[in-house]
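Hello,

Here is the structure for you to look over. My notes follow below it.

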Amino acid sequence: MTGLTSPFGELREQLLGAAEQFADSPVAVSGILSGLVDDVDRALREELEIFPVCHHSPASALAMVRRLREKQPKVIYLELCEDLQPLLTELRNCRLPVALQAFATDIDGFPKSWAPLSVVAPITEASAEYQAISYALETPGVELVLVDRSTDHVFQWAPKEEEPPAPPKDEEAGLHGDAVGVEIGDLRPGFAELEEHLLHHGKVRHWSEWWDQYVEQPLSGADYDTYRQVMVLIGSLFRRLRPDAARLAMDEDRERYMWTRMREHLAGSGADPADCLYVCGAFHAASHVEQFGLRSTAPFEISPRSATKWLYGLIPSSHSAIEAQFGLASGSVSIAAAMWTKALTRDRLVPFQLEGQRGARKRAAKLPAPAPRGEVADKLTGFLSRPPALDPLDDAELVGWSVDIVRLARRNGYLASTADAIAVYETSILLAGMRNRARPTPYDFQDAAVTCIEKDAVPGRRDIRRLCEILLGGDRLGEVGYDALPPLARNVYDRLEPLGLDLEKRTIQRALLDLNAEPDLVPCSDLLWMLRYLLPSDAVRPIMGERRLGERSIQESWDLAFGKHQRSIIELGYEGVTIEQVLEQRLRRSVHDPKATAAVALAAVEDAVLFLGSRRFADELGARAVELLAAERSVDDAPEVLRRIRRLLAYYRANESELPAWCEAFVIAGYAHYCTLLPTAFLDEETGVRQVAAMLGFLFTMESLALALGCDRAQLELAVRQSHPEAPGKVALLWAAQHQLGLLPIAELRARCAELLGNPLVIPSVPQYIMGFVQAMELAPGLSGFVVEVISKAFGRLPDDVLLPWLPKLITTLRKGAAELVPVLVREAGRTFPGSLTAVDSWVPPWTPRPKPAVLPASGSAASGPVAELLHGHPVACDAVAGLLGCEGEWRAPGTGGDAGHREVRALLAGHPEPALAVAALLV
């Protein structure tokens, strides 16, 4: 359009003249400035009225209220994901701010690493989109149409190499989790140098403060034409100075999508474009795509959605979550909400709100008669050529802020006084003057309060900047009402109703359950344990009581924080209809995951028994555990497998008449599996001593059951004989296994350990041998006394110059590799050593050999009698016992030698007279 027919011809001429006079490259600058005016002219002359907005902007919300009352459109096209439309009616059951959410766990057509997919669109009361939604839903005959791309297209158009964002660490800022945020009207320079220039010359710290001072405040009281032209101008400027071509291309596809949808709706409904209103971001209002405008015939093919199944709902939001989601300055949304409230009072405007809206005051929104629209007039020239009309100093408001911040500071541990209130007041005015402001803004007040009150250390949980945010509006937290919750969340609240608690409160509430006195609370206890498994750890926290296999608490105490974690409960509703269904799905999904192991499957079996009590489902998971164990080629999880299968076998033996079939199959498969891998595990350097000890523990402790089920002991013997470890710890394990199999007598084992302590080249490795012996107590508990003996001999025989450097290594080795077995070792040492200090001097270690009593040579025949004749007639048993004890001798024929046959008895009593003397003393 030429400058002669455009109402902005004079403005264009002024801008081109300024470019020629001041710019280094007039051609480039004049092209940009002329393009800005053309974009504004094009947007305002479009047949479909375009309403440009900025997200969470009070100025946009105020202009929306005024324009809706003036125009009263019949159709509103809103820049929001089109598949979120069914959720809008549920906003009346919520306390704002809340977020519309689309959620998908089973994805199809997207990288698996992206799962789960989540999109949120926050809604606040001080936003133009909420005013448009409220007007459309509460006004009869008005249709609201969402025209932006679907949530499926949000991820279709996203670069595949992008990683999902990490959720914020702050509790309230993380209400949206790692969801992708969609917003209406993202207005921020994409050109870093431009933003830096604006912040520097505006004498502000961050973009939110610049926007508040130079856009929000001048436009909050402006007329509609001025607001509209300025917003399109800003959107055009940021669009032309955006260097990110990929982001610009995606935004242009969104604009093509929206214009295509609007033309389709107008063609199908027959609505008059004069009765319609298109609400979009100011960036999109200055669109350059060929599909722009209702008269455009340029085609655009909308790709079909993927096969991903999307679920929809509402989740609670907060001002800090919105700030964290979209990179806004901390406290900016709260300050915007306060400005919205103040502007409503100042201009005596009645905003639109949904009937029955929770947490909102009831307002009568009577609509006046629609006003006709005049011709487009140039309002930009006057707006840009004169300084904005700033509000005068509101002395009462600033005094109130200064007094209240001192009061808050004193409550939070600061030593603030009336003098600090005066200082904050004066410093706020001083900072506003330095920044060319007629009145201090909330940001000036924050800086003044920090300067005057903040100390080197924060005495409490909140610093002065956080206290200012609370004073100026606080971090308002939204809440989803009961009627807007998914069926699962409502089911949870209904089943916990017997507790008598208001679970919607954001405070932590204590629930006390006496399950013996009130058996009706047992279902509540079962549900709380399942929620404990599914929700974050601080949402449902047991204070007293526990749930383990075969055990149930008679009393329980819980800390419940459902209000803070309402989003997590709502997202559970996307996975199923009941908690039991969600838990079953998660357990089944965990055992069928490609990275699942036998230990994971056994843990799932245990959880199924604890929380669901379903024998059928536990057997299904157990059968999967057998498959995973047989397919494993490593033994990294052997300690976890041993611990869990022991616990499950003990439970089934105590509570069932017979073991489940999967348990028997698991023992058989495990016996063969670990026998096969044992020689390799002994040699593999990456396999630790703990893993090999767990393998041997499984083989020896499950041996009796495995043999009863048909396994062959020869498998284990061959595996042990084929093992030739080199690491000291594994060598000790092999010796213990050989001893357990009867291949290595205790005397030879003791001799080998004595040889180790006698070899100075091996002494540095003795702690590793000891750790191997300690781990061997897993497979041979009877060796605990021998381990105490080895350690005691090491302390007794090694000199100090060897023992002192060696001792820290022994302690760290035991702590790192056998921490859970050290208490067993300590208990065995307590049984071995004397219990009092006075008895230490006369104590003789039990492993010290006693001198044999002198035996008088036998004369005559051996003792006679039926016992002697029986032993002489069947000497095999006595020979075997003598061989185990290391005794030597020969058999003599029984005879009748009188007292000669009792010489051994007399020698025994002579060598150990104490028992005889004690008996004599008792008799006397």
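Which residue in β6 is the bridge partner of Tyr77? Val145 is that partner.

First, the basis. This is a predicted model, where local features need pLDDT of at least 70, side-chain atom pairs count only at pLDDT 80 or more, and totals for chains, interfaces and linings use all residues. Residues are numbered from 1 along each chain as its sequence is written, and side-chain values use heavy atoms, without hydrogens and water.

Strand β2 covers residues 75–81. Strands (E, at least two residues) and helices (H or I, at least four) are DSSP runs, numbered from the N terminus. Seven of the seven residues in β2 are buried (under 20% relative accessible area, 1.4 Å probe, protein chains only).

β2 has pairing (at least two DSSP bridges between two strands) with β6 and β8. Five bridges join β2 to β6 (residues 143–148), and the two run parallel. Four bridges join β2 to β8 (residues 276–281), also in parallel. Val279 in β8 stands opposite Leu78.

Now the helices. α14 (residues 395–411) packs on α15 (residues 418–434) at about 135°, with axes 8 Å apart. The two are therefore oblique (neither under 35 degrees, nor 65 to 115, nor over 145). Their crossing is right-handed (near helix turned clockwise from the far one by less than a right angle).

Contact means heavy atoms within 4.5 Å. Residues of α14 that meet α15 include Leu398, Val399 and Val406. On the α15 side, Val424, Tyr425 and Ile429 are among them. The contact residues divide into eight nonpolar, two polar and two charged.

Best regards

Conventions
Axes are lines fitted to C-alpha atoms, for helices over the stretch in contact, and angles run from 0 to 180 degrees between N-to-C directions. Ala, Val, Leu, Ile, Met, Phe, Trp, Tyr, Cys and Pro count as nonpolar, Asp, Glu, Lys and Arg as charged, and the others, Gly among them, as polar. Buried means under 20% relative accessible area, exposed over 50%, partly exposed in between (1.4 Å probe, protein chains only).
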